[in-house]
Amino acid sequence: MKKTLEKLWHEYLSDECAVIDTEEERALSKKAVELHEKASAFLNREQEEAVEKYVEAICDIESCYVKKAFIKGCEFGVLFLLEAGDFGK
């Protein structure tokens, strides 16, 4: 089942979930851009590249956690339904 959930995550949900479609998401994205521009003004090229690599690493870690939470949540949901409906017997 994990392969199916990973395929679902990679081929559909990660693209769908990455769409900015709420006012809150737009505001957070705008704030992130403004903070990036402000920080970049204080950094030289080498410092900015180091910060970019740091941010990429943080985003990669967060992405792994989000994917793991999605898969674990789906697994929990299936197990919960099986137990609640007593389908496992």
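This report looks at model confidence and at how two helices of the chain meet.

## The model and its confidence

This is a predicted model, in which local features need pLDDT of at least 70 and side-chain atom pairs count only at pLDDT 80 or more, while totals for chains, interfaces and linings use all residues. Residues are numbered from 1 along each chain as its sequence is written, and side-chain values use heavy atoms, with hydrogens and water left out.

The chain averages a pLDDT (the predictor's confidence in each residue, from 0 to 100) of 88, and 96% of the residues score at least 70. Confidence is lowest in helix α1 (residues 2-17), with a mean of 80, and highest in helix α2 (residues 23-42), at 94.

## Where α1 meets α3

Helix α3 (residues 45-84) and α1 pack at an angle of about 130°, their axes 10 Å apart. Their crossing is right-handed.

In contact (heavy atoms within 4.5 Å), α1 offers residues including Leu-5, Leu-8, Trp-9 and Leu-13, and α3 residues including Val-66, Phe-70, Ile-71 and Cys-74. The residues of this contact divide into 8 nonpolar, 1 polar and 4 charged.

## An aromatic link

The chain has 2 aromatic pairs (ring centres within 6.5 Å). Trp-9 and Phe-70 form a tilted one (planes neither under 30 degrees nor over 60 apart), with 5.3 Å centre to centre and 35° between the planes. This pair links distant parts of the chain, as Trp-9 in α1 and Phe-70 in α3 are 61 residues apart.

Terms used: Helix = DSSP H or I, 4+ residues; strand = E, 2+ residues; numbered from the N terminus. Axes fitted to C-alpha atoms, helices over the stretch in contact; angles between N-to-C directions. Left-handed = near helix turned anticlockwise from the far one by under 90°. Nonpolar A, V, L, I, M, F, W, Y, C, P; charged D, E, K, R; others polar. Phe/Tyr/Trp six-rings, centres within 6.5 Å; stacked < 30°, edge-to-face > 60°.
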